[in-house]
Amino acid sequence: MTSSKIEIPGEVKSDPAALMASLQLMPSPVPNPEIKYTKIFINNEWQDSVSGKVFPAYNPATGEQICEVQEADKADVDKAVQAARLAFSLGSVWRRMDASERGRLLSKLADLVERDSIYLATIESLNSGKPFLPTLFVDLQGTIKTLRYFAGYADKIHGTSIPMDGEYLTFTRYEPIGVCGQIIPWNFPLMMTAWKLGPALACGNTVVLKPAEQTPLTCLYIAALVKEAGFPPGVINILPGFGPTAGAAIASHMGIDKVAFTGSTEVGKLIQEAAGKSNLKRVTLELGGKNPNIIFADADLDLAVEQAHQGVFFNAGQCCTAGSRIYVEEPIYDEFVRRSVERAKRRIVGSPFDPTTEQGPQISREQQNRVLEFVQSGISEGAKLECGGKALGLKGFFIEPTVFSNVRDDMRIAREEIFGPVQQIMKFKTIEEVIERANNTDYGLVAAVFTNDINKAMTISTAMQAGTVWINCFNALSTQCPFGGYKMSGNGRELGENGLKEYSEVKTITMKMVAKNS
């Protein structure tokens, strides 16, 4: 069955959010949106796949097929790389373009995303199951801000002069790497596209980008906006397809100079291996996390409970930053568990287009089954299931908000990334103990601490083996701040000024002088 129909509930609920929506104080999704772009985008042209294959895109809230999309594989990647290399060649329009003009094009792309933000949020919700209003206010705003941030940086990437010994004039120059392969995850399709396109284009690279096979639709719409913005042919090429075919071809391609990937640690290892076996292309990886959230007894308990709740359940738990290992100091443990269970039971799960919905479905039946299998492992290993733990409804891939207490560090649910709406709450006694336990993981993406004691806050934040540490907040991400992980959570950084360095080569130029003066 093929359907892009949106089911917008007609019944107005009695809570304040529903009342506001009924009074039309909130934006509404586009009803029954047309899916405009389903082909491969190479050299500013829409193309069928070389193989003629297509694959289905689904609505995870209903399980129904939305449309079919052209399936790129190695032959299509070859075509895209050829176009990207031509666009990057010396003397090309893109290479001769002023840096300020590159910034103007990025800024124009941001303006077009903003113009079409309601439609993009609608399609993102339809294809990924993310609730519409958070998608509009978080994902779309993050996408627009990221593009504008890097647009502003385009003509501010510059080297330095160096007082080298001897009769020489020496300076550095930042140059684009070349053709960049970019592989986008399904949990934040639009925002991750901007995270990767922004710095790559600001630095003057060209791009071959593969969206996740589960969520290709908004990325393909971005391709149309790329052309409308005026980017030269071949600068941005977007190829929907599968990881083992199109993704593997990007990672191992001899004509690609750098690859950036956001996704699982398992696939990240394969990409790094392929890069090493091919042309030693540069690699940026933003991978999984099993992130600790440490709650001290002196914390603002209401704040800590709500932030810990949102830190796990946001986006149906499908976040690499999910604070899924919650360590609570012993004196407040029972009360924290009680309040967390109460909050989880109040969480509204339902249609992504109901304005009162807090949690939509998991991305697929496969992911739903995987999360439920983790829940069963927690029960069998002796954790206490406080609430949830079951699939919700007969239609779509929903899971009840789930809370476990009495969790031990050696349980699977405490060691492995679940990527679902499952909260694990553990107990600790001393600061030394919780530091050791929090760091006892293969991952190191983010961490958080809740306390009103600045000494505890700084002790924890400096001791955590993680790329980001939040104090009395969670998921406080911004375009200006570098983001990335320690250990098996990845290599390199995205966002901020640091994100530009991942897309630049530093060249040292030295000229012999007849005489040098200071």
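Okay, one bit of vocabulary before we start: Ala, Val, Leu, Ile, Met, Phe, Trp, Tyr, Cys and Pro count as nonpolar, Asp, Glu, Lys and Arg count as charged, and the others, Gly among them, count as polar. Also, keep in mind that what you're looking at is a predicted model.

So, pockets. Rolling a probe the size of a water molecule over the atoms shows where empty space is left.

Let's take the largest pocket, with a volume of about 1400 Å³. There are 47 residues lining the largest pocket, and if you want to find its centre, look for Trp186, Glu213, Gln214, Ser264 and Val267, which are the closest to it. What's the mix by class? The lining has 25 nonpolar, 13 polar and nine charged residues.

Which element gives the largest share of that lining? That's α10, with six residues. Other elements supply at least two residues each, including β3 (54–59), α9 (243–252), β10 (258–262) and α13 (365–380).

Now, on to the second largest pocket, at about 600 Å³. Here 27 residues form the lining, and Val138, Met191, Trp195, Asn475 and Leu477 sit nearest the centre. Two or more lining residues come from each of α6 (132–153), α7 (189–202) and α11 (301–313). Out of these, α6 provides the largest share, six residues.

And how does this second lining divide by class? You get 13 nonpolar, 12 polar and two charged residues.

If you've got the structure open, try finding α10 for the largest pocket, then α6 for the second largest. That's it from me!

Definitions and conventions. Residues are numbered from 1 along each chain as its sequence is written. This is a predicted model: local features need pLDDT of at least 70, side-chain atom pairs count only at pLDDT 80 or more; totals for chains, interfaces and linings use all residues. Side-chain values use heavy atoms; hydrogens and water are left out. On a 1 Å grid over the protein atoms alone, a cavity is a set of points where a 1.4 Å probe fits but cannot get out, and a pocket is an open set with protein on both sides within 12 Å along at least five of seven lines; lining residues have an atom within 4 Å of a point. Grid points are joined across faces, edges and corners, and a volume is the space filled by probe spheres set on the points. Helices (H or I, at least four residues) and strands (E, at least two) are DSSP runs, numbered from the N terminus.
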